[in-house]
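Q: I'd like a close look at one part of this protein, please. Could you walk me through how two of its helices pack, and then what lies beyond them?

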Amino acid sequence: MSTLHSPATDLIEGGVTDLDEVMATMQIAFDPAFGEAWTRSQCSGILGLNGVWLLLARQDGRAAGFALSRVVLDEAELLLLAVQPAQRRFGIGRALLAAVAEEARFRGAARLHLEMREGNPAAYLYEAAGFAEIGRRKRYYRGRDGSSFDAITLACRL
Ligand SMILES: CC(C)(COP(=O)(O)OP(=O)(O)OC[C@H]1O[C@@H](n2cnc3c(N)ncnc32)[C@H](O)[C@@H]1OP(=O)(O)O)[C@@H](O)C(=O)NCCC(=O)NCCS
């Protein structure tokens, strides 16, 4: 009889010491055509601020994705969500998003919002989780070739 192996996903709180892991995922998860990825210094800068937390997703101990979030008073923001291309469509993004919402609620937030490039298929994930569009920033993202893309602001009640 063959042995079936189902990879286990762990969600772990991370910090500045996990930046190598975050940046490795960042580089392969975000298409440079759209200008959505953050630099290492942007990540390390924000990780030092009050109310910011990092959640790492690991599959069988290996980096699979991460979520970077912050809470200010009763408003939480999902700053970045990324899953490595080879690990997509296994529910890791949904699990990270649910864990961010739970932690945001625990930290006192009543609403979770985020910004997303118009046309990003991540919209399906957010819509299914109850997010709705509340605003738009024209030409917010700038791609490698100089083209720009609107950002849509989404929010959901916690
Ligand atoms: C968006 C992202 C985090 C989703 O991660 P993921 O682990 O693949 O997401 P999940 O497997 O949890 O998907 C949950 C559901 O969301 C929807 N979904 C996710 N990605 C989708 C896609 N590319 N197209 C259509 N629906 C999608 C589906 O309904 C999916 O459920 P299903 O697979 O049972 O149909 C991942 O695609 C990613 O890292 N993208 C690049 C970075 C990025 O754009 N991040 C968001 C910035 S705002």
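Is the crossing of α1 and α2 right-handed or left-handed?

A: Happy to take you through it, with the reminder that this is a predicted model. The crossing of α1 and α2 is right-handed. Helix α1 covers residues 19-29 and helix α2 residues 40-47, and the two pack at an angle of about 135 degrees, their axes 10 Å apart. Angles between 115 and 145 degrees count as oblique, so α1 is oblique to α2. On the α1 side, the contact is made by Leu 19, Asp 20, Met 23 and Met 26, while α2 brings Arg 40, Cys 43, Ser 44 and Leu 47. Sorted by class, that contact has five nonpolar residues, one polar and two charged.

Now for the cores. The largest nonpolar core has 27 residues, and Leu 78, Leu 96, Leu 112, Tyr 126 and Phe 131 touch the most other members. Elements giving two or more residues to this core include the strands β2 (52-59), β3 (62-72) and β4 (75-83), as well as the helices α3 (92-106) and α4 (122-128). The top contributor is α3, with six residues.

Tyr 126 is a good residue to click on: beyond its neighbours within four places in sequence, Tyr 126 is in contact with Leu 78, Leu 81, Leu 97, Leu 114, Met 116, Phe 131 and Leu 154. Apart from the largest core lies another one, of 17 residues, with Cys 43, Leu 79, Leu 80 and Ala 82 among them. Cys 43 brings us back to the start, since this residue of α2 also takes part in the contact with α1.

Note on methods
Residues numbered from 1 in each chain as written. Predicted model: local features only at pLDDT ≥ 70, side-chain atom pairs only at ≥ 80, totals over all residues. Heavy atoms only, no water. Core = buried A, V, L, I, M, F, W, Y, C linked by side-chain atoms within 4.5 Å. Buried < 20%, exposed > 50% of the residue type's maximum accessible area, 1.4 Å probe, protein only. Helix = DSSP H or I, 4+ residues; strand = E, 2+ residues; numbered from the N terminus. Contact = heavy atoms within 4.5 Å. Axes fitted to C-alpha atoms, helices over the stretch in contact; angles between N-to-C directions. Parallel < 35°, antiparallel > 145°, perpendicular 65-115°, else oblique. Left-handed = near helix turned anticlockwise from the far one by under 90°. Nonpolar A, V, L, I, M, F, W, Y, C, P; charged D, E, K, R; others polar.
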